[in-house]
Amino acid sequence: MTLVFLGESPEPNAREAQQFVGSQIEIVSDTEVRGYSRIRGGWNNGRAYTVYFWATFDQPIAKYVTWKDGKFYNNQNAQFDSGKKTGALVCFGAAGKQELNVKIGISFLSELKAKNNIETEIPHWNFNTVLASLENKWEQLLNRIQLSPDTSENYKKMFYTGLYHTMIMPVDRTGENPLWTNNEPYYDDFYCIWDTFRTSSPLITLIDPKRQVEIINAMLNIYKHDGYLPEGRSGNDNGRTQGGSNTETVLADAFVKNLKGIDYELALKAMLKDATIPPGGNEEREGRGGLLDYLRLGYVPFGIDRAGNRTIDYAYNDYNIATVAKGLNYTEIYNQYIKQADNWQNLWRSDYENNGSKGFIMPKDASGNWLDEVVFGESKIQKPTYKYTPVITESPWYVCHWCVFFYEGTSWEYSLSIPHDLPEVIRRSGGELAFKNRLDTFFDTKLYDVSNEPSFFSPYNVPLDRKTTFEQ
């Protein structure tokens, strides 16, 4: 039994790699082992957190040896935390049994809480009962969507695997929050709202609204204690953003679908915090990076990381704010943010042509100049440039993965990702026929990338009415 974790890097403090902080292990009795592992960093670049465990066996330990930092210790039932890796080797079979049953409880609070989780959730030793209970819970969830009888086995496997993945994150950690104590829901592992607001989140509102209400209340709970809504939260730490403050979209979606049990006044307050108060310091962690420039110029200028997708995301997030404000009868807030919802137009370069289509979201500097050439790489001395076009994928060829104008996508993709004002995109593209031809080019010449989120909002069945508004 070794206290391990995933993603360790030999490079100290490596970005996005988990770093070992400390661990401890103790053989408590001839059928129990307890301990913990403390780690930090990881994908979330977050602060340290501790995972405690308690393991119980259905037969006594026949022999054991503990170890620390690669050295074995006989007749020592514990290794305390000294910042070194610890573990234990345990042997069974003294009674001649060929089968060993193990129950392991984990907790983010304490070893005793981990033990209590075992006693509460699996007080018996009947494996088949546990398995049947788990299968029944999943069957109830997966049965909420029925597939057509002629669906092939391969498509069934694909669909239900995807649906299963939809339901395992974010993770319900209610009662396991090491940061503060209350009776409100607590969820963690939002991987990641900048993706899931387009996909799994609106699906959950339909097939499991009770869970979605809990998730949203957890988001608001996080806002009340950490100061900002989560975006890419894990390890009990906000930690990452990519483009917009996309929890706004999740909140607005719940609002227009009239989910009950959510304090929408508090939700609007949290949304406005994202939209008005710069996160300061590390703008990657939460809130809106480049916010002051966005508010001053109406767009995020080139030179700020991910300026392109931040601009269009912020415009959409502002539309989300306007939607909730209108429903709550805050007319002044609505008027301000429905106007800001047009900010994507400030990066729309109407005269730019590519692959037979006209008008694209393109880089602009803080002085309002369109940029045909942008800086290659990160050199502080030489500043070579390269030509920026709507089909270019910047990273990793020209700049760092996180420093791009459009993250993981091209202007062809992002210029079609304006879900709140598609009629205006059609108009700016030259009208209905020109837009149809644009879509044909997009899909037929493989500019569309079905495997990644920048293409997910691409229209394929085009509404031709004016800007859509939602009423509660």
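**Salt bridges, strands, cores and a helix**

Colleague: Which side chain does aspartate 188 meet in a salt bridge?

Modeller: A salt bridge here is a side-chain nitrogen of Lys or Arg within 4 Å of a carboxyl oxygen of Asp or Glu. Aspartate 188 passes at 2.9 Å, N to O, and its partner is arginine 173.

Colleague: How many residues apart in sequence are the parts that this pair ties together?

Modeller: Helices (H or I, at least four residues) and strands (E, at least two) are DSSP runs, numbered from the N terminus. Aspartate 188 sits in strand 10 (residues 187-188) and arginine 173 in the loop between strand 9 (171-172) and strand 10, so the parts tied together are separated in sequence by 15 residues.

Colleague: What kind of model is this, and from which number do residues count?

Modeller: It's a predicted model: local features need pLDDT of at least 70, side-chain atom pairs count only at pLDDT 80 or more, and totals for chains, interfaces and linings use all residues. Side-chain values use heavy atoms, leaving out hydrogens and water, and along each chain, as its sequence is written, residues are numbered from 1.

Colleague: Back to that first pair: are aspartate 188 and arginine 173 buried or exposed?

Modeller: We go by relative accessible area: under 20% is buried, over 50% is exposed, and in between is partly exposed (1.4 Å probe, protein chains only). Aspartate 188 and arginine 173 are both buried.

Colleague: How far apart in sequence are arginine 34 and its partner glutamate 111?

Modeller: Their closest N and O atoms are 3.7 Å apart, which makes a salt bridge. Arginine 34 is in strand 2 (residues 32-41) and glutamate 111 in helix 1 (residues 111-121), so the pair links distant parts of the chain, with a separation of 77 residues.

Colleague: And how does glutamate 111 count, buried or exposed?

Modeller: Arginine 34 has 22% relative accessibility, so that one counts as partly exposed. Glutamate 111 has 15%, so it counts as buried.

Colleague: In which helix do lysine 210 and glutamate 214 both lie?

Modeller: These two form a salt bridge as well, with their closest N and O atoms 3.2 Å apart. Lysine 210 is exposed, at 59%, while glutamate 214 is partly exposed, at 24%. They are four residues apart, about one turn, and both belong to helix 6 (residues 209-226).

Colleague: Which residue in strand 3 stands opposite arginine 34?

Modeller: Strand 2 and strand 3 (residues 46-57) run antiparallel, joined by nine bridges. Two strands count as a pair if DSSP finds at least two bridges between them. The residue opposite arginine 34 is tryptophan 54.

Colleague: What is the order of strands in the open sheet of five strands?

Modeller: Strand 3 also pairs with strand 8 (residues 102-107), antiparallel over six bridges. At another place in the sheet, strand 1 (residues 18-29) and strand 6 run antiparallel with two bridges. The sheet's order is 6-1-2-3-8.

Colleague: And which strands stand at its edges?

Modeller: An edge strand here has a single partner strand, so one side is left without a neighbour in the sheet. That describes strand 6 (78-79) and strand 8.

Colleague: How many residues does the largest nonpolar core have?

Modeller: A nonpolar core is a set of buried Ala, Val, Leu, Ile, Met, Phe, Trp, Tyr and Cys residues joined through side-chain atoms within 4.5 Å. Ile216, Met219, Leu220, Ile262 and Tyr264 have the most contacts inside the largest one, whose residues number 41.

Colleague: How many residues are in the second, separate core?

Modeller: First, the elements giving two or more residues to the largest core are helix 6, helix 7 (247-256), helix 8 (264-276), helix 10 (307-327) and helix 11 (331-340). The second core is separate and includes Leu371, Phe406, Ile418 and Leu422, and its residues number 37.

Colleague: What span should helix 14 have?

Modeller: The expected span is 1.5 Å times one less than the number of residues. Helix 14 (residues 432-444) has 13 residues, and its end C-alpha atoms are 18 Å apart, which agrees with the expected 18 Å.

Colleague: How wide is the arc covered by the buried residues of helix 14?

Modeller: Those residues are Phe435, Arg438, Leu439, Thr441 and Phe442. The arc is taken from the directions from the helix axis to the C-beta atoms. The residues lie on the same side of helix 14, because their arc is only 160°.

Colleague: Which exposed residues does the face turned away from that buried side carry?

Modeller: The buried side is covered by elements including strand 11 (348-354), strand 12 (357-361), helix 12 (411-414) and helix 13 (422-428). Turned away from it are the exposed residues Leu433 and Asp444.

Key:
Contact = heavy atoms within 4.5 Å.
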